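These are my notes from a session spent looking up strand pairing and aromatic contacts. The entries follow the order in which I consulted the structure.

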Amino acid sequence: MKTSIFYSPNYLIITLILFTLSGNLIAQNEDDILKRTKSDTTDTQLNMDAVYNRPALTINKAPVSIGGYLEANSIYAVEDGLTEGLSFQARRLTLFLSASINKRIKFLTEVEFEEGGKEIAIEFAAMDISFDPLLNLRGGIILNPIGAFNQNHDGPKWEFVERPDVAVKLLPVTFSNAGFGMYGKTNTGDWIIGYEAYLSNGFDNSIINNSKDRTSLSSVKENEERFEENFSGDPLITTKLAIGNRNIGEVGFSYMGGTYNRVMEDGLQIDEKNRRVDVLAIDLSTTIESTGTYIVGEGAYVWVDVPKTFTQQFGDKQAGFFLDVVQPVLQKKMFGWENASLNVSARTDYVDFNIGNFTQTNTNIGDDLIAVTPSISFRPSPATVLRLNYRYQWQKDILNNPATKTATWYLGFSTYF
């Protein structure tokens, strides 16, 4: 029998936190008020700062701030002429809680409720200790900084309902693990340089033993034990170098790699060697000042040591990218909102799940997808977006048969609160 979320440990913890906060509010004197802490909009921000660069509410003299965001939409999809009709989706409700423990010690957690509470996950829960801008220690449940989207994934920041395919179908966004590491940044003139380096729990055999019947890094998210135990026994290494310029934009280079299997279990040899998974990613973002055009993208390449006993259905190399172009059309007071904007945007997605040729025929292995998504979005404020998307996707199977074509309409919103 399925257990109701109202009796799950995660739900009880969140309820207790909110009850405590509400009690604090009631106990406040009349001159104590709620204040909204604005996200940091200084020019020295990089994608690595995204976890703290969020709006939140705080109580006067209280060390704890609370915030979050909500995403919901309707969806109507047609695949090769067939449709299941119109549906409504409560995608996710995310809560943030942050606290300043000391002048240079802080804590932040991000708890996400997906699909109306069907899935509850702690996506981030870490303590940061700052010794210097170039040396900060972080430990707990961390977001592995592979690419940029994994750390900068909040729905209200994007003009599209769906997350990029390279992030959720090639990489396991949102990907977090128990781990520890360091980060820092410095600036000189218009240039900002930041770095991150973490050791954490990592992947397991699910990336080649899963219901998708392909190599799939995203399948690791089904292993909830990765927050308590490292399956392979070897730490996953994740590093990133980001270079930003106030007048140009930001580019990031990241690497993630480690062992995903076990050689020995209960004294028995179950595999012949340690098998690795390695990922390289590059991300970029820039704004063309003359037109206000915002461009953001990310690409990744994956290597997986697949056992020789597996068929070529399981790829040992994968790659993908996405590119968003956002063009503001109107930015002025509209319908009583002072900072409203109307944007038109377009996204291109590409993922190849199996790079290479068949050994027997030397013909190209399929199993890839391409999608384009035009969008119209309205922002009554920077923290809220209403968006209409039309996504058209071509997906080929492993044998390169004619592509399955899917057309999908999305109408939805996302907002910080």
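Entry 1, strand pairing. I began with Val351 and looked up its bridge partner in β18, which is Leu369. I note here that the model is a predicted one. I then took the two strands as a whole: β17 and β18, the latter covering residues 368-381, pair in the antiparallel sense over 12 bridges.

Entry 2, the other partner of β18. I followed β18 to β19 (residues 384-396) and found antiparallel pairing over 10 bridges. Within this pairing, I recorded that Ile370 stands opposite Trp394 in β19. I also checked the connection, and β18 and β19 form a hairpin with 2 residues between them.

Entry 3, aromatic pairs. I searched the whole structure for aromatic pairs and obtained 12. I selected Phe321 and Tyr350 and asked why this pair is classed as tilted. The ring centres are 6.0 Å apart and the planes stand at 35 degrees, so the pair is tilted; the stacked class would need planes under 30 degrees apart, and the edge-to-face class over 60.

Entry 4, location of that pair. I placed Phe321 in strand β16 (residues 317-334) and Tyr350 in strand β17 (residues 337-352). The pair therefore ties together parts that are 29 residues apart in sequence. I then looked up the accessibility of each residue. Phe321 has a relative accessible area of 37% and is partly exposed. Tyr350, at 25% relative accessibility, also counts as partly exposed.

Entry 5, an aromatic cluster. I noted one aromatic cluster formed by Tyr69, Phe96 and Tyr416.

Entry 6, charges over rings. I looked at Arg214 and found its charged end over the ring of Phe353, 3.9 Å from the ring centre. I then turned to Arg262, whose charged end sits over the ring of Phe231 at 4.2 Å from its centre.

Entry 7, a loop residue. I looked up Asn230, which lies in the loop between β9 (191-200) and β10 (236-245). Is Asn230 buried or exposed? I read a relative accessible area of 16% for Asn230; buried means under 20%, so Asn230 is buried. I listed its contacts, leaving aside residues up to four places away in sequence, and Asn230 touches Asn201, Gly202 and Pro235.

Methods: Residues numbered from 1 in each chain as written. Predicted model: local features only at pLDDT ≥ 70, side-chain atom pairs only at ≥ 80, totals over all residues. Heavy atoms only, no water. Phe/Tyr/Trp six-rings, centres within 6.5 Å; stacked < 30°, edge-to-face > 60°. Helix = DSSP H or I, 4+ residues; strand = E, 2+ residues; numbered from the N terminus. Buried < 20%, exposed > 50% of the residue type's maximum accessible area, 1.4 Å probe, protein only. Lys NZ or Arg CZ within 6 Å of the ring centre and 35° of its normal. Pairing = 2+ DSSP bridges. Contact = heavy atoms within 4.5 Å.
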